[in-house]
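Trainee: I should like to learn how to read a ligand site and a few backbone features in a model. May we work through one together?

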Amino acid sequence: MTFYTLGIETSCDETAAAVLEGHDTVLSSVVSSQAQLHARFGGVVPEIASRAHVELITPVVADALGEAGIRGNQVDLVAVTSGPGLIGALLVGLSAAKALALVWDVPFIGVNHLEAHLYASFLEEPELEFPLVVLLVSGGHTMLIEMRGHGDFHILGRTVDDAAGEAFDKVARYLGLGYPGGPAIDLLSMEGDPEAIDFPRAMRNEGLDFSFSGLKTAVVNHVRSNPDVDVADVAASFQEAVVDVLLLKAERAVEQVGATGLCLAGGVAANSSLRERTLDLSMSRGFPAYLPSRSMCTDNAAMVAAAGARRFHDDGPSPLDLGADSSLPLLG
Ligand code: KG4
Ligand code: ZN
């Protein structure tokens, strides 16, 4: 019998809904980005995000059901991101999910946004084997995670300061490239020389943790002392430094746990250089690499539905009084 999960994601500035059949068949994935609303402020404005989610959530859910070709009363489970994220933004999705579950008289489950990112790879490669190493690089998090089984995670390393995506966004803002910064740096880097400037690679020899705040400062200092520098060279050299450390540590993690392969996850996993160099590394070191398509790396609701469906079958539903938690950790 078919099992339909409606996923809902509103943790930051994307209003998203998706319909999943079973564990890995995506029937629809609708993402309405608010990036243009926030661009003139140079970053996400929480109050604007919440208000936009309120306006968009109903049409986005309707589109997801329509594209999937099912009616609301055919949904078997409603899965929604309950944290981490912006509290007001999370509450919009959570309230909508609870209301829909009550109306349709179906179970509801709260999903950890980080766990959802981990499940993006499984949507396209359902047969992945454990233990896997996942490099989770998003706007708010940078982690190396060992997945020992479904729902069985072990954090191998994490950033001690800025997340990789945060570094991309801050450097882009400083260089006047606008918001969101990651895609802008990615694009501009294609015209620059990644070896033009030797930016620092922090904590190279120290285990599996990361640090990116010194790199951001190094970029600012370099541009201040070299006002005529080619911005494309700065972007490309900055990106090269980030990707160097991400892959150095990811390779170390794969070796350390004897992983079956390396998965990329999170918005920064959409980065062209990171994707290309992950594939090179996989070829040269002889371990498989799994790169979800770009639209599954950045925030979407298909990954929320996938993580939610899996959790629901293992642990059952969430209580309807579940609250939003802006700093929900991966391991509760
Ligand atoms: O996973 P995500 O969509 O949202 C969070 O959970 O944070 O990640 C957003 C982050 C932003 O910092 C954005 O600049 C970055 O992912 N990003 C990229 C690229 N696309 C998105 N960073 C580098 N290159 C990209 N192509
Ligand atoms: Zn995310």
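Mentor: Let us begin with polar contacts; a pair of N or O atoms counts when the two lie within 3.5 Å. In this predicted model, a polar backbone atom of Gly267 is 3.0 Å from an oxygen atom of ligand 1.

Trainee: How much of the area that ligand 1 exposes when taken alone does the protein bury?

Mentor: The protein buries 87% of the 550 Å² that ligand 1 exposes when taken alone.

Trainee: Which atoms of His117 and Gly165 lie 3.1 Å from an oxygen atom of ligand 1?

Mentor: For His117 it is a polar side-chain atom, at 3.1 Å from a ligand oxygen. For Gly165 it is a backbone N or O atom, also placed 3.1 Å from an oxygen atom of ligand 1.

Trainee: How many residues surround ligand 1, and how do they divide by character?

Mentor: A shell is read by listing the residues that have a heavy atom within 4 Å of the ligand. Here 18 residues surround ligand 1, with Gly139, Asp169, Gly182, Asp186 and Gly267 the closest. By character, the shell comprises 11 polar, 4 nonpolar and 3 charged residues.

Trainee: Where does ligand 1 sit, and which helices and domains supply its shell?

Mentor: Ligand 1 occupies the largest pocket. At least two shell residues come from each of helix H4 (113-118), helix H6 (164-174) and helix H7 (181-189). Domain 1 (4-118 + 297-315) and domain 2 (130-292) each contribute at least three residues to that shell.

Trainee: Turning to the backbone, which residues are joined by cis peptide bonds?

Mentor: One reads the omega angle and then places the residue in its element. Phe130 and Pro131 are joined by a cis peptide bond with omega of about -5°; Pro131 belongs to the loop between helix H5 (120-124) and strand S6 (132-137). Tyr179 and Pro180 are also joined by a cis peptide bond, with omega of about -5°, and Pro180 is in the loop between H6 and H7.

Trainee: What is the phi of Asp105, and where is this residue placed?

Mentor: Asp105 is not a glycine, yet its phi is positive, at about 55°. Asp105 lies in the loop between helix H3 (87-104) and strand S5 (108-112).

Notes:
Residues numbered from 1 in each chain as written. Chains lettered and ligands numbered in written order. Predicted model: local features only at pLDDT ≥ 70, side-chain atom pairs only at ≥ 80, totals over all residues. Heavy atoms only, no water. Polar contact = N/O pair within 3.5 Å; in protein donor to acceptor, adjacent residues only side chain to side chain. Areas by Shrake-Rupley, 256 points an atom, 1.4 Å probe, with all protein chains shown as cover. 1 Å grid on protein atoms, 1.4 Å probe; cavity = no way out; pocket = protein on both sides within 12 Å on 5 of 7 lines; lining within 4 Å. Sits in = over half its atoms within 2 Å of the grid points. Helix = DSSP H or I, 4+ residues; strand = E, 2+ residues; numbered from the N terminus. Nonpolar A, V, L, I, M, F, W, Y, C, P; charged D, E, K, R; others polar. Domains from an automatic or database assignment.
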